[in-house]
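Reader: I am new to this structure and would like a close look at a single part of it, the helix that contributes to the lining of the largest cavity. Please take me through that part carefully, with its surroundings.

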Amino acid sequence: MSRIVYVNGEYLPEADAKISIFDRGFLFADGVYEVTSVLDGKLIDFDGHAVRLERSLNELDMPNPISKDDLLEVHRKLVADNGIVEGLVYLQITRGAPADRDFVFPNPDETRPTVVLFTQNKPGLAETVNPVKVISVEDIRWGRRDIKTVQLLYPSMGKMMAKAAGADDAWLVEDGYVTEGTSNNAYIVKDGKIITRALSTDILHGITRAAVLRFAREAQMEVVERSFTIAEAQAADEAFFTSASAFVMPVVEVDGAQLGDGNPGPVMTRLREIYLEESLKKAV
Ligand code: PDD
């Protein structure tokens, strides 16, 4: 079934949606994005994603072409028109398509940003728990990982390196410490403590991370925001990652070392339950 997608104010069948070859997202990866999950036909953490989008745009001096209310309306219409009960909404805003290729940013009064949204249908998303094996790879991404840009080539290569090594995903390591996963935030659990890297420009400030840590603290679990090594992860009681597309997902092997008995641990399992339950209550 062909999807209805959104491009610059229009709702179109996906085959009719067109972007200029001069679009700076295409030529320079000059764009930002958000992925919002849908459960029970409702948007999870929409506010958090809208706030982070605004911040990403500000950091790149890109004008925000769409208000939060309009953005919510577009998300909701796409979810309804495409009959999404469980799935994702992908949103991308680029600096638009000037008349020619030029490293200099176009004048924002002359070149409007490009806004694209589409849905991804993922039936069973809430029930899907796939224990994940990770390998470590060097983090050679740029230094502003807190901005959610569409420069995803290296994360994509990291995933391919993981597949080639018989694993599922890669944890990125810089100066001996894990930064994050290719498309998620990374955690270990040791002696009941949930350990995850503190926020900085080194990692994306995950919307799921913020919610999960808040729920963990509310449930009297101990959270320690500090960096950890791969050796620590291998010796941990549990490990997991969070993202809008996977929620809370167990990591059961790190660079070939099995964690615990190789099954999802109790802390991660509890956090996933709380996250799904609480987020659904506030879904819009
Ligand atoms: N990825 N770190 C990175 C590098 C990410 O790309 C993501 C999200 C996260 C988790 O952020 P959040 O909880 O807000 O989804 C952390 C999305 C899902 C993606 O690229 O598909």
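Author: With 4 residues, α2 gives the most to the lining of the largest cavity, where helices (H or I, at least four residues) and strands (E, at least two) are DSSP runs numbered from the N terminus. The model is a predicted one, in which local features need pLDDT of at least 70 and side-chain atom pairs count only at pLDDT 80 or more, while totals for chains, interfaces and linings use all residues. Residues are numbered from 1 along each chain as its sequence is written, and side-chain values use heavy atoms, with hydrogens and water left out.

A cavity here is a set of points, on a 1 Å grid over the protein atoms alone, where a 1.4 Å probe fits but cannot get out, whereas a pocket is an open set with protein on both sides within 12 Å along at least five of seven lines; a lining residue has an atom within 4 Å of a point. Grid points are joined across faces, edges and corners, and the volume is the space filled by probe spheres set on the points. By this rule there is 1 cavity of 30 Å³ or more, and the volume of the largest is about 30 Å³.

Its lining consists of E34, T36, F46, H49, A50, L53, L71, H75 and L91, and at least two of these residues come from each of β3 (31-39), α2 (46-59) and α3 (68-81). By kind, the lining divides into 5 nonpolar, 3 polar and 1 charged, with Ala, Val, Leu, Ile, Met, Phe, Trp, Tyr, Cys and Pro counted as nonpolar, Asp, Glu, Lys and Arg as charged, and the others, Gly among them, as polar.

The sheet beside this helix is open and has 6 strands in the order β2-β1-β6-β5-β3-β4, with antiparallel pairing, two strands being paired if DSSP finds at least two bridges between them. Its edge strands, β2 (10-13) and β4 (42-43), each pair on one side only. On this sheet packs α2, which touches β3, β4 and β5 (87-94) (contact means heavy atoms within 4.5 Å). The direction of α2 makes about 180° with that of β3, for axes fitted as lines to C-alpha atoms, in helices over the stretch in contact, and angles from 0 to 180 degrees between N-to-C directions.

The largest pocket, with about 1,200 Å³ of space, also draws two or more lining residues from α2, as it does from other elements including β3 and β5.
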